[in-house]
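Hi there,

Here is the structure I promised to pass on to you. Please open it beside this email, and then read on for what turned up.

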Amino acid sequence: VSRLLDRKGQIDLLNSFAEVVKEHPKTILLFAGEGAYRTTIETEIQKLGLKEKVLLLGNVDYIPVLLNMADVFVFPSHYEGLPGALLEAMFAQKIIICSDIGENKECVSETEAIFFKTHDIEDLTINISMVLNNLKEYEPMAINAKKAAISKFDLATIISQYNGAYKNLLGI
């Protein structure tokens, strides 16, 4: 779930997925989003022989449905601002595998997500396979991620924090 851009790490994910699908042949990879990098991604899908295993959905308005269907959310970004798609996965209580960039680590901890070394396709592959082999074992992480999302990013919580800060500033 993101724009199709080089910095989002989608080519890394495709190269990793080409290995993962050998062990997990029934696995499907879904990309929701659109962008200037689509042609590059399509070329890589062809090159890796993944045409039947990877779906480029384009821009969709049913992200919650896709997240509900997914067993795992993989977020391979090389850098981010605020990783909105990661927050959506947290709120959806998904098992999360994400790059170890600072922006992701500000949102989730090691009790809420599995981190892999950015740009490290082998590390990403190992982590995806490990999770797919033991989905039940990682469900507590998904629960922790949702709790973290609610405590850190829920709109009502943020509004309450802002109100408290304003009251503090005004001495109310």
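Ile121 is partly exposed, at a relative accessible area of 29%; buried would mean under 20%, exposed over 50%, and partly exposed is what lies in between, using a 1.4 Å probe and protein chains only. Please keep in mind that this is a predicted model, in which local features need pLDDT of at least 70, side-chain atom pairs count only at pLDDT 80 or more, and totals for chains, interfaces and linings use all residues. Residues are numbered from 1 along each chain as its sequence is written, and side-chain values use heavy atoms, with hydrogens and water left out.

You will find Ile121 in helix H6. Helices (H or I, at least four residues) and strands (E, at least two) are DSSP runs, numbered from the N terminus. Leaving aside neighbours within four places in sequence, Ile121 is in contact with Asp12, Asn15 and Ser16, where contact means heavy atoms within 4.5 Å. Try finding Glu19 as well: Ile121 and Glu19 are 102 residues apart in sequence, but 9.6 Å apart in space, C-alpha to C-alpha.

Now for the rest of H6. This helix has 13 residues and reaches 18 Å from its first C-alpha to its last, close to the 18 Å expected at 1.5 Å a residue; the expected span is 1.5 Å times one less than the number of residues. At the start of H6, a side-chain oxygen of Asp120 comes to within 3.2 Å of the backbone nitrogen of Glu122. That makes a polar contact, a pair of N or O atoms within 3.5 Å; within protein, one must be able to donate a hydrogen and the other to accept it, and residues adjacent in sequence count only if both atoms are side-chain atoms.

Which residues of H6 are buried? They are Asp123, Leu124, Thr125, Asn127, Ile128, Ser129 and Val131. Their cover includes H1, S3, strand S4 (95-99), strand S5 (114-116) and helix H7 (135-153). Val131 is a nice one to click on, with a relative accessible area of 0%. Not counting residues within four places in sequence, Val131 is in contact with Val72, Ile95, Ile97, Ile114 and Tyr138.

Next, the largest pocket, which has a volume of about 640 Å³. On a 1 Å grid over the protein atoms alone, a pocket is an open set of points where a 1.4 Å probe fits, with protein on both sides within 12 Å along at least five of seven lines, and lining residues have an atom within 4 Å of a point. Its volume is the space filled by probe spheres set on the points, which are joined across faces, edges and corners. The lining has 26 residues, and Ile28, Leu29, Leu30, Ala70 and Val72 lie nearest the centre. Two or more lining residues come from each of helix H1 (10-23), strand S1 (29-32), helix H3 (63-69), strand S3 (72-75) and helix H6 (121-133).

Finally, two loop residues. Most residues other than glycine have a negative phi. Gln93, in the loop between helix H4 (84-91) and S4, has a positive phi near 60 degrees, and counts as partly exposed at 35% relative accessibility. His119, in the loop between S5 and H6, has a positive phi near 75 degrees and is exposed, at 52%.

Enjoy exploring!
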